[in-house]
Amino acid sequence: MLDFLGDLRRTHMCGVLRASDAGKKAVLMGWVNRRRDHGNLLFIDLRDRTGVTQIVFNTERDRTVHEKAETLRNEYVIAAVGTVKLRDANTINPNMPTGEVELVADELRVLNESKLPPFLPSDTALTNEETRLKYRYIDLRRDAMQFNIETRHKVAKAIRDYLSSQGFFEIETPFMTRSTPEGARDYLVPSRVQPGTFYALPQSPQMFKQILMISGFDRYFQIVRCFRDEDLRADRQPEFTQIDLEMTYPQPESVWAVVEGFLTAAFAAAGFEIETPFPRMDYDEAIRLYGIDKPDLRLPPFTDVRDCLSSENLSDLAINPNLPVIAIRIPKVGELSRKERDDIKPMFHSKGGARVYEDFKRIANRYAEAAEKISKKTNMAEGDLIVLVAGSAQASSGEKETAFAPHRKVTPQELAIYTSAGLLRLALAQKYAEQHQCFQKGDFRFLWVTNFPMFEWDEGEKQWMAAHHPFTSPHEQDMKLLEEGVESLHDPLSPLSAVRALAYDVVLNGTELGSGSIRIHRQDVQSRIFRALGMTEEEAKARFGFFLEALEYGTPPHGGIALGLDRIVMILAGAESLREVIPFPKTARAVDLMVDAPTPVSEKQLRELGIVVRKPVGQL
């Protein structure tokens, strides 16, 4: 027989009672976390989001209440009324904040029962993720998930408070807008009242936030939901949350200072202190030192050790003497077994003829002098892992020149070596640095990566694509290259390869937290960028006509950035997946297992929308 709550009111949360509360009357409400029956004494651990308090039911105090308590099972919802009492010295639980006290119950109300859950929030061993996601309401009761969601709340509030203090207005932008696909596919929403037409869910509020700058709001922000119909990836979500901001008349440094300010507040809300300003690194330098545009600064940069090897060494090892020989150093790994060294080769993904030399010990045995020079140049210490990546002498001769060659500081052949080494460095770090606990908790290494290429060559489409997005401003000094490049749109050696964007990424420990740029505020420059991307004037007007028109009405210079809130919280919570910090996530197959979505809809709904469902082209 269940009870009604009636006029009973909770006086304390389950995790707040302390020794100083002894003797007080208290009313606690929550879930039965654990039950221990000792005959005349029955102990219930009662749980809510703040923690657990032990409740004692004693037959000598009230047999009727004790008998009622005997019916309780895990996850029943109850209210307990009683007196807070100090525990005996030998029963104090030092592992619980409430471990010095217990509630001696005088009254019990059973507010709801529970079926036996497929797993318990108190379980120490996690069940498989699919079961957790199907019964997410049970999973969210676990301490770890409660902590993650609370951290998310604190971080979001700290960011809101900081940006508000800096004069930013939080302004909502539409969720249903026009489709302007860039990169990922849009999620389309059919219109019933305008048959045959569609809205799109926004991949980003990009054009709306720029229009807000045109509208005179000066400083905008939004913690906003965005949607991307991407191909399946292990840890991507089709809907995600980003911290979006825009401001007028900025230099890049103006945006960086704001971001560093709200990240300082966000990390402080989670109990961490970070150092500002963040270091800055040019894109080309990041490629040369780390082989990637989001380097993990907790590990040493590359060292080019080509000069440590004699021409005979290079010839013997079949290494191209005209390309870098990259030494990757992972500290404190210790000596690897033969099997572990063999495991390195499958991690390596060669780009353009790059080769990996994973057994430095063998090189040292054959070329002692060279190995000694490499050890010295890389500052190798005992227990450090050294792996070499170099260009193959056989594969590199006569290699076809591709984009970047005449204009970029890094040649295509060098880029192949750097990229191959960068990917391997990340794989080695993930496998060995974490395995050997080389990373310390709270070691946050932020970085601004700047001056990205404006365009990148798409070999499949045989045309230039926006490396960031088409509303990013090029460097003023590169406008001549842009004008020249527009005359050679389908040439991979076009001057477009050398145009730099006023774009910047904020990176943390090898993870890109966010991307931003100074935007194009002049209609003539924006039209030129669309032309460089292969759009005719008619195509540009059809897709972005409203925006091009808005640029003609006194648009101030402006810029901004968007950071992934989910990623930030994942790092702060020490979680391994975005799904651990999103209350109701999708699987890697973009399925919500709890509500069983997506699902087919009725024929009546389809008729109202004028839609006929047929198999996609690839499935016909």
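Begin by selecting F471 and F547, both of which are buried, in what should be kept in mind throughout as a predicted model. With the two side chains displayed, the ring centres lie 5.3 Å apart and the planes stand at 80°, so the pair is edge-to-face. Widening the selection to the surrounding backbone shows that the pair links distant parts of the chain, since F471 sits in the loop between β18 (463-466) and α14 (479-485), while F547 belongs to helix α16 (residues 537-550), 76 residues away. This is one of 16 aromatic pairs that a search of the whole structure finds.

For another group of rings, select W256, F267, F272, F278, F444, F446, W448 and Y504, which ring pairs link into a cluster.

**The whole protein**

Now zoom out and colour by secondary structure, where 18 helices and 21 strands can be followed. The C-alpha trace spans about 95 × 75 × 55 Å along its principal axes, and of the 620 residues in the protein 49% are buried. If a contact map is at hand, consider the contacts between residues at least 6 apart in sequence, of which 70% join residues at least 24 apart. A surface representation would show an accessible area of about 31300 Å², with 50% of that belonging to carbon and sulfur atoms. Colouring by charge brings up 79 positive and 89 negative charges, whose mean positions are 3 Å apart.

**Two nonpolar cores**

Which residues have the most contacts inside the largest nonpolar core? Select I328, L424, L428, F455 and L482, which hold that place in a core of 53 residues. Helix α13 (residues 412-433) gives this core its largest share, namely seven residues. Centre the view on L424 and, leaving aside its neighbours within four places in sequence, display what touches this side of the chain: L424 is in contact with I328, I344, M347, F348, V356, V387 and V389. A second core, separate from this one, has 41 residues, among them I243, V506, L508 and L565.

**Helix α5 and its surroundings**

Move next to helix α5 (residues 206-214), where seven of the nine residues are buried, so the helix is largely enclosed by the rest of the structure. The buried residues to select are Q206, M207, K209, Q210, L212, M213 and I214, a list in which Q206, K209 and Q210 appear together with M207, L212, M213 and I214. What covers these residues? The cover includes β9 (219-227), β10 (239-248), β21 (558-564) and α16, the helix that also carries F547 from the opening stop. Following the chain onward from α5 brings the view to G216, which has a positive phi near 95°.

**Backbone details worth a label**

Two peptide bonds can be picked out by their omega angles. Between T276 and P277 the bond is cis, with omega about -5°, and P277 lies in the loop between α6 (252-269) and β11 (280-282). The bond from A597 to P598 is also cis, with omega near 5°, and the loop that holds P598 runs between α17 (565-573) and α18 (603-609).

Two residues other than glycine can then be selected for their positive phi: A318, with a value near 60°, and N379, with a value near 60°. Are A318 and N379 buried or exposed? A318, in the loop between α8 and β13 (325-330), counts as buried because its relative accessibility is 15%, which falls under the 20% limit. N379, in the loop between α11 (368-377) and β15 (385-391), is exposed, with a relative accessible area of 58%.

**A last stop at S310**

Finally, select S310, in the loop between β12 (303-304) and α8 (311-316), the helix after which the loop of A318 begins. At 29% relative accessibility S310 counts as partly exposed, because the value falls between the 20% limit for buried and the 50% limit for exposed residues. To close the tour, draw a distance from the C-alpha atom of S310 to that of E539, which gives 57 Å for two residues that are 229 residues apart along the chain.

Notes. Residues numbered from 1 in each chain as written. Heavy atoms only, no water. Helix = DSSP H or I, 4+ residues; strand = E, 2+ residues; numbered from the N terminus. Buried < 20%, exposed > 50% of the residue type's maximum accessible area, 1.4 Å probe, protein only. Contact = heavy atoms within 4.5 Å. Areas by Shrake-Rupley, 256 points an atom, 1.4 Å probe, with all protein chains shown as cover. Lys, Arg positive; Asp, Glu negative; His and termini not counted. Charge placed at Lys NZ, Arg CZ, Asp CG, Glu CD. Core = buried A, V, L, I, M, F, W, Y, C linked by side-chain atoms within 4.5 Å. Phe/Tyr/Trp six-rings, centres within 6.5 Å; stacked < 30°, edge-to-face > 60°.
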